[in-house]
Amino acid sequence: MSDTRFRDLVLPHLDAAYNLARWLTRDAHDAEDVVQDACVRAIRYVDSLARDDARAWFLTIVRHAFYDWLARNRPAEIVHDDAAIDAAVDLDTPDPEQSAIRGAELRALADAVAALPLQYREVVVLRELEELSYKEIARVADIPIGTVMSRLARARGLLQRSPLLQVIGGHALGSKR
């Protein structure tokens, strides 16, 4: 039963898991290690999973696996104090010049997101890339919904002021809800 539940409920979210791990670790190989660890954990507990909650449940496990990995491999990057952490891009590209500019903008945005402090980066990835609701992000990150909103606001503010995005006008990430 566990193998079937894992295959049916968890495996469809493997891409989202890797995406989150990749953004958090900032390394493809490390992300693979985190996702592998998360899969081992998920297999162990898949029988406790409610059908309608699989994505958020699995991303929570990925997040915990990441923090465990981080504590073992990069403990200096762990920051527990939020105070210390302190316009979507139009994808229509009608000509090669605009396509090149758009590519530079997207690289600048990716670099700016990657440069965010970890707590901000994870909520931005979960909201903007994985399109989780604030409630789901709160559950995944194990923080109050108000903290989710605060971190997103701070992250968006940092992105707007990012020197990496100043070149492209700092308008690459809106505040969608």
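## A walk through a helical chain

Of the 177 residues in the protein chain, 45% count as buried (buried means under 20% relative accessible area, exposed over 50%, partly exposed in between, with a 1.4 Å probe and protein chains only). Before you click on anything: this is a predicted model, where local features need pLDDT of at least 70 and side-chain atom pairs count only at pLDDT 80 or more, while totals for chains, interfaces and linings use all residues. Residues are numbered from 1 along each chain as its sequence is written, and side-chain values use heavy atoms, with hydrogens and water left out.

**Stop 1: the whole chain.** Switch to a cartoon view. You'll find ten helices and zero strands, so to speak α-α-α-α-α-α-α-α-α-α from the N terminus on. Helices (H or I, at least four residues) and strands (E, at least two) are DSSP runs, numbered from the N terminus.

**Stop 2: helix α2.** Select residues 14-25, which make up α2. Its twelve residues should span 16 Å at 1.5 Å a residue, and the end C-alpha atoms are indeed 16 Å apart (the expected span is 1.5 Å times one less than the number of residues). Which residues of α2 are buried? Colour A16, A17, L20, A21, W23, L24 and T25 to see them. Just after α2, pick R26, which takes a positive phi of about 65 degrees.

**Stop 3: α2 against α4.** Now add residues 54-73, helix α4. The axes of α2 and α4 come within 10 Å and cross at roughly 30 degrees. Axes here are lines fitted to C-alpha atoms, for helices over the stretch in contact, and angles run from 0 to 180 degrees between N-to-C directions. The two helices are therefore roughly parallel to each other (under 35 degrees counts as roughly parallel, over 145 as roughly antiparallel, 65 to 115 as roughly perpendicular and the rest as oblique).

Show side chains for the contact (heavy atoms within 4.5 Å). On the α2 side, pick L14, A16, A17, L20, A21, L24 and T25; on the α4 side, R55, F58, L59, V62, F66 and W69. These residues divide into eleven nonpolar, one polar and one charged. Ala, Val, Leu, Ile, Met, Phe, Trp, Tyr, Cys and Pro count as nonpolar, Asp, Glu, Lys and Arg as charged, and the others, Gly among them, as polar.

**Stop 4: two residues of α3.** Move to residues 28-45, helix α3, and click A31. A31 is buried, with a relative accessible area of 0%. Leaving aside neighbours within four places in sequence, A31 is in contact with Y18, A21, R22 and T25. Then try D30, also found in α3. At 18% relative accessibility, D30 counts as buried. Not counting residues up to four places away in sequence, D30 touches T25, W69 and R74.

**Stop 5: E130.** Head for the loop between α7 (118-129) and α8 (134-141), where E130 sits. Is E130 buried or exposed? E130 is buried, at 7% relative accessible area. Beyond neighbours within four places in sequence, E130 is in contact with A16, N19, R55 and V125.

**Stop 6: A114.** Pick A114 in helix α6 (residues 96-115). Residues up to four places away in sequence aside, A114 touches W23, R26 and R121. Measure to V125 if you like: the C-alpha atoms of A114 and V125 are 9.8 Å apart, with their places eleven residues apart in sequence.

**Last stop: helix α9.** Select residues 145-161, a helix of 17 residues. From first C-alpha to last, α9 reaches 24 Å, close to the 24 Å expected at 1.5 Å a residue. Its buried residues are V148, R151, L152, A155, R156, G157 and L159.
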